[in-house]
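Biologist: I'd like a close look at one part of this protein, the charged pairs. Could you walk me through them?

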Amino acid sequence: MEEPLTKPRIRVPAGRAVHDGAQARPRAYLRDTRSGVIAARPAYLREHRDEVRRVWDRTAALAMDLIQNSGRLKGACDQILADTVGTELTLNPQPDLSGLGYDDKERADFIALVKKRWKMWAWNAAECDLRGKLTVPQMADIGLRWWIAFGESTGVISYMDRGQRRRYGIASGTKMLLVPPSRLVRETRELEGLHQGIFHDENGRATHYRFRTRETGLSITRDYAARDREGRTLVLHAFDPMDATDVRGISLLAPAFRRHIQHEILDDATLQMAVLQTIFAITLTSDAPSKDAFEAMAALNDEALEGEFVDYMSARLEKAAESSINVSGDPTVSHLAPGENLSFETAKIPGGEYLPFAKALSRDMARALGVTYGGLTMDYSDATYSSVRMETSALWPVVLRRRERIAAPHYQVPYEGFLDEEIGEGRIPFKGGYEAFAANRERISWALWQGPAKPTADDGKAAKATSERLANGTTTLAHECAEMGLDPDEVFEQRLMEHQRYVDAGMPSPFVRNVGGGQPGRSGEEDDQERAER
């Protein structure tokens, strides 16, 4: 038979609690230091899109001000553009023409015609821009600058009818119109599905964008449909969301504001202290008595001593009046009075701590911007081949991601409208006509956009590595051309044309490998056999 459990009774004095003597278990997370550095830092949990809405205007204004007043930030923006798009992103169409009656040759001819027509359209500002001022590559540059400052880029696809086209003497009607993100209102009405200027349906898909524009001197608010009834994109909105519910972007500089401003304050304070030291760099010291010495002598009431001292000081002053010190364009230094010393002080600012701290701030900025430290500061004093190569390799995926997510939409959106009109107007023939294209628009309009090549610290080593990969069969010419920012089809056609030109002229072609060191195209065994016969 089990014994009944009894509840222990313990007498506890008033104001005290019962404990078993065990110490409180320390936290796994948020374990603070003795000085309470974590507790001293306030933090609040908010939905990211609400935080973006709260600070968007202030962040955008501060970012623009810093870029416009900082040569280093301006240069960093130019570096981002150069790494991401270079002079332009090259079109590489990837249409899926299966089941549409195209063989390989017809597909290649269709792609070549699309590339040719796109090049002519994209580089003609009158044809591609509604204002008639910007080419597609220029609009992409502006879009990237907006993304850096505002965190997003916006634009609208417009269409000119035949009457308007005749007025301007142009052929195409599809036009791209860039609209500054600051004109996309920050208005939110959740009951109407409006979040920061963008209307959403019940599934969270954007349906309309509300822009505030100026027409005839008046501010007008107008809603633009995100897509038309056939599903074609009408509004370009490129940004890099941080949260799944984000509807607007935030400036790329936002996390780096504090570091950049700290760096500016450090530079200003260092410069001011150096200037002050330069102004007072020449000092004249003397052991002559001060005012206190004269007052103490007067308190002695010794007229004889006082008279002798006055005569002595008068003689010194008369002698000093005969000498001069001049540090202007014609510097002169005469004999100094006894006990005087002329010294030249050097600026002690910046000190030994300036450069390490300034470099740490610059590295923080470079990491936030996605550029290399050398690209931001142009300081390669401590760089080596290995460090530059590793730094570039670490940041290159960031550049590729930025190219695909931010830069490419500035080309893809106008390209889809361009291709739709070219086929619809019959300027680019398509089997089955526009109806067949409209039924397969998505897979026919698909394209890749190639940018500049990855920077290398040693072109010779990079070229050797490419040759090794090709010789080992671990890569393809198309991949290597894409890595260099080249269109493989254009490279092939150019090489074929130049090769045939050399052959027709009876000259050795530079594209035929000299395998054995003898005639082009001959193996080493054939050369050895010919030499043996001779």
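Which side chains meet in a salt bridge at 3.8 Å, N to O?

Modeller: Keep in mind that this is a predicted model. The pair you're after is D364 and R259, whose side chains meet in a salt bridge at 3.8 Å, N to O. D364 sits in helix α10 (residues 354-369) and R259 in helix α7 (residues 257-279), so the contact ties together parts that are 105 residues apart in sequence. As for cover, D364 has 31% relative accessibility and therefore counts as partly exposed. R259 is partly exposed too, because its relative accessible area is 29%, and the range for that label runs from 20% to 50%.

That pair belongs to a bigger picture: a search of the whole structure turns up 32 salt bridges. One of them joins R443 and D96, with the closest N and O atoms 3.4 Å apart. This one links distant parts of the chain, with R443 in helix α15 (residues 441-444) and D96 in the loop between β1 (90-93) and α3 (104-122), 347 residues apart. R443 counts as partly exposed at 27% relative accessibility, and D96 is partly exposed at 35%.

Then there's E215 with R222, where the side chains meet at 3.2 Å, N to O. E215 is partly exposed, at 28% relative accessibility, and R222 gets that label at 35%.

Salt bridges also come as a network here: R117, R165, E421, E422 and R427 are linked that way.

Notes. Residues numbered from 1 in each chain as written. Predicted model: local features only at pLDDT ≥ 70, side-chain atom pairs only at ≥ 80, totals over all residues. Heavy atoms only, no water. Salt bridge = Lys/Arg side-chain N within 4 Å of Asp/Glu carboxyl O. Helix = DSSP H or I, 4+ residues; strand = E, 2+ residues; numbered from the N terminus. Buried < 20%, exposed > 50% of the residue type's maximum accessible area, 1.4 Å probe, protein only.
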